[in-house]
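Work through the exercises below with the sequence and the 3D view open. Each task is followed by a solution in steps.

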Amino acid sequence: PDGFPKDYNVLEKNVKVAQGRTFIVLGDKEVDYDNNFKLYLNTKLANPKYSPSVFGRAVVINYTGKLVWI
């Protein structure tokens with residue numbers, strides 16, 4: 001309903017460490033995780049509506065701008 005998959009491991013930074021390997025589980029696969037990884041999501045919607053679960057897992061920034069001709 002909120003546009004995100006049910007597997008929130010990336011948004012929650014649900015990182016696991018086993019045998020000296022840092023990874024995150026995506027679906028049924030283990031993917032190596034880098035601490036420098038950043039995820040940016042954007043939209044063209046002027047007023048997007050996110051569910052409370054998304055607001056609880058991510059930082060939402062509204063940086064709307066207007067082009068003004070002089």
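The structure is a predicted model.

**Exercise 1. Classify D32 by its accessibility, and find its element and its salt-bridge partner.**

Step 1. D32 has a relative accessible area of 56%. The cut-off for exposed is over 50%, so D32 counts as exposed.

Step 2. The element that holds D32 is strand β3.

Step 3. The side chain of D32 meets that of R21 in a salt bridge, with 2.7 Å from N to O. This pair links distant parts of the chain, since R21 is in strand β2 and D32 in strand β3, 11 residues apart.

**Exercise 2. Find how many salt bridges the model has, and state how they are connected.**

Step 1. The rule asks for a side-chain nitrogen of Lys or Arg within 4 Å of a carboxyl oxygen of Asp or Glu. By this rule the count is two.

Step 2. One of them joins the side chains of R21 and E30, at 3.0 Å from N to O. Another joins R21 and D32.

Step 3. R21 takes part in the bridge to E30 and in the bridge to D32. R21, E30 and D32 are thus linked in a network of salt bridges.

Step 4. For the accessibility of the partners, partly exposed lies between the limits of 20% and 50%. R21, with a relative accessible area of 32%, is partly exposed. E30, at 47%, is also partly exposed.

**Exercise 3. Describe the largest pocket: its volume, its lining and the elements that contribute.**

Step 1. The volume of the largest pocket is about 1,100 Å³.

Step 2. Its lining is made of 33 residues, and those closest to the pocket centre are L39, Y40, L41, A58 and V59.

Step 3. Elements that give two or more residues to this lining are β2 (21–26), β3 (29–32) and α1 (52–57). The most comes from α1, with three residues.

Step 4. Sorted by class, the lining holds 22 nonpolar, six polar and five charged residues.

**Exercise 4. Which residues form the nonpolar patch on the surface, and where does F37 sit?**

Step 1. The patch consists of F37, L39 and L41, which together have about 300 Å² of accessible area.

Step 2. F37 is placed in the loop between β3 and α1.

Step 3. F37 has 42% relative accessibility, so it counts as partly exposed.

Step 4. Compare with the pocket: L39 and L41 are among the residues closest to the centre of the largest pocket.

**Exercise 5. Examine the backbone and the surroundings of Q19.**

Step 1. Q19 is in the loop between β1 (15–18) and β2.

Step 2. Its phi is positive, at about 55°, although Q19 is not a glycine.

Step 3. The relative accessibility of Q19 is 86%, so Q19 counts as exposed.

**Exercise 6. Locate G56, then read off two separations between C-alpha atoms.**

Step 1. G56 belongs to helix α1. Because its relative accessible area is 68%, G56 is exposed.

Step 2. G56 and T22 are 34 residues apart along the chain, and 24 Å separates their C-alpha atoms.

Step 3. D32 and K66 are likewise 34 residues apart along the chain, and 40 Å separates their C-alpha atoms.

Note on methods. Residues numbered from 1 in each chain as written. Predicted model: local features only at pLDDT ≥ 70, side-chain atom pairs only at ≥ 80, totals over all residues. Heavy atoms only, no water. 1 Å grid on protein atoms, 1.4 Å probe; cavity = no way out; pocket = protein on both sides within 12 Å on 5 of 7 lines; lining within 4 Å. Points joined across faces, edges and corners; volume = space filled by probe spheres on them. Helix = DSSP H or I, 4+ residues; strand = E, 2+ residues; numbered from the N terminus. Nonpolar A, V, L, I, M, F, W, Y, C, P; charged D, E, K, R; others polar. Patch = residues over 30% accessible without salt bridge, like charges linked within 9 Å, V, L, I, M, F, W, Y side chains within 5 Å. Areas by Shrake-Rupley, 256 points an atom, 1.4 Å probe, with all protein chains shown as cover. Buried < 20%, exposed > 50% of the residue type's maximum accessible area, 1.4 Å probe, protein only.
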